Amino acid sequence: MIDVFQDAQKLSLYLAYNVNVDAIVYLRKEHIEKLIRELGAENIKSRMEDYPREINEPIDFVARLIHALKTGKPMAVPLVNEEMHTWFDERFKYDVERMGGQVGIIANLLANLDFKKVIAYSPILAKRQAQMFVNKPNLLYPVVENGKLVLKKPIEAYRENDPVKVNRIFEFRKGTRFKLGNEVIEVPHSGRFIVASRFESIRIETKEDLKPFLPEIGEIVDGAILSGYQGIKKRYSDGKDANYYLRKAKEDIRLLKKNKDIKIHVEFASIQDRELRKKVIYNIFPLADSVGMDESEIAHILNSLGYPKLADRIFNYNRIEDTVLGGKIILDELNLEILQIHTIYYLMYITYKDNPLSEDELRQSLEIATTLAAARASLGDIKSPDDFKVGLRVPYNEYGEFVKLRFEEAKRKLRTREYKIVIIPTRLVKNPVSTVGLGDTISAGAFTSYLALLRRKGMY
């Protein structure tokens, strides 16, 4: 496995679009009880039944937060009311402010792991944000100067007037107990609840001056990880809409592949609006080679594809056979090369029988992914390639044998001869320093090791 990791380090990657500041609160019982007192248990229960899809007012936030605490599942809900910034800042002291957004997290991860070259792009880059990128020679930001593409350190490329996107992240711990009226709630799993800023000033796009240089960037790199489509709004006040930005996003992928057929990984994230989710799925996924997601995101996608009963089963019961069936449907309907699924207790690849990698090689790729995630959970961040060894010391979770048994049962029940499907138990840190970015770490580790294994076989 170490040799595959070392091969992956020789790769160059392009990353776009979403970078933000993560303002993290380590949620304590006192925080929760204070919010319940302020807004009222019955009011919160009533709004929980409404299940607000976005945060417009404080009760929306508290209702969805307590729903996340009850289920122990990581969630992200968009904040659309800019005036609520003050409400949050008055009630919470942020324990940590650090790099956030899938691009920001993966860029710092790969740079610290000494990958050959990491080109990270965000359409906005304020100084506060630029300072959160690691200052290493292999981490670069693309700019256009005198009509030519120039790669600079982010701290040398920021723009004075660019806005800063702040996401508030509430980390919760397994075992936290609190009362909601007469109900006693105990958090079943550690996780995080993200209040994701979705404002007009932030657009998911490649700026027009850089766009002509995407084919040149595609020639420099070995693959691209694209994310942030959850930040697209249905409509903007200037008359533009989601269709406009999705057309631009499709152009970007075609331009990146124009001179060299690089592989594209899309990291999916929760999109609450069903119509918008459907637009992203049908416009972006068919142009990607690889997509990464967790089980709740699989359920959301299946719902959009017209499989609501299967989506409900996955969301409510988390049975491996339903996840396998759902993964096969997504792979087939959206013409993907490979689907990577990450959950608390297992990681899975679903691909076709003719994939050049063997099942053992696919398992190696997933092993690298869970080892990196275990290192990040143990340390809070990965600062050097040596941190990989920390992940190797983390044991597999206690449900590992159960996962393997259920997986074999699922394969017997379902038609899988046309596919290669592999599963491994996760290395699980019982008291993680942080859970933010674990899914991104898994997907980056899996995709880059997948590319390295393909290259080793002369297939890429």
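The following exchange concerns the fold and nonpolar cores of a predicted model.

In this predicted model, local features need pLDDT of at least 70 and side-chain atom pairs count only at pLDDT 80 or more, while totals for chains, interfaces and linings use all residues. Residues are numbered from 1 along each chain as its sequence is written, and side-chain values use heavy atoms, with hydrogens and water left out.

Biologist: What is the radius of gyration of the protein chain?

Modeller: The rule for a globule, 2.2 Å times the number of residues to the power 0.38, is applied with the radius taken over C-alpha atoms. For 460 residues a compact globule would come near 23 Å, and the protein chain agrees with this, having 21 Å.

Biologist: What percentage of the residues in the protein chain is buried?

Modeller: A residue is called buried when its relative accessible area is under 20%, with a 1.4 Å probe and protein chains only. Of the 460 residues in the protein chain, the buried share is 59%.

Biologist: Which helix gives the most to the largest nonpolar core?

Modeller: A nonpolar core is a set of buried Ala, Val, Leu, Ile, Met, Phe, Trp, Tyr and Cys residues joined through side-chain atoms within 4.5 Å. The largest such core has 152 residues, among which Tyr14 and Phe61 touch the most other members. With helices taken as DSSP runs of H or I of at least four residues, numbered from the N terminus, the element that gives the most to this core, with 9 residues from 438-456, is helix H17.

Biologist: How many residues are in the second, separate core?

Modeller: Ile24, Ile105, Ile169 and Ile194 are included in this second core. Its size comes to 6 residues.

How values were computed:
Buried means under 20% relative accessible area, exposed over 50%, partly exposed in between (1.4 Å probe, protein chains only). Helices (H or I, at least four residues) and strands (E, at least two) are DSSP runs, numbered from the N terminus.
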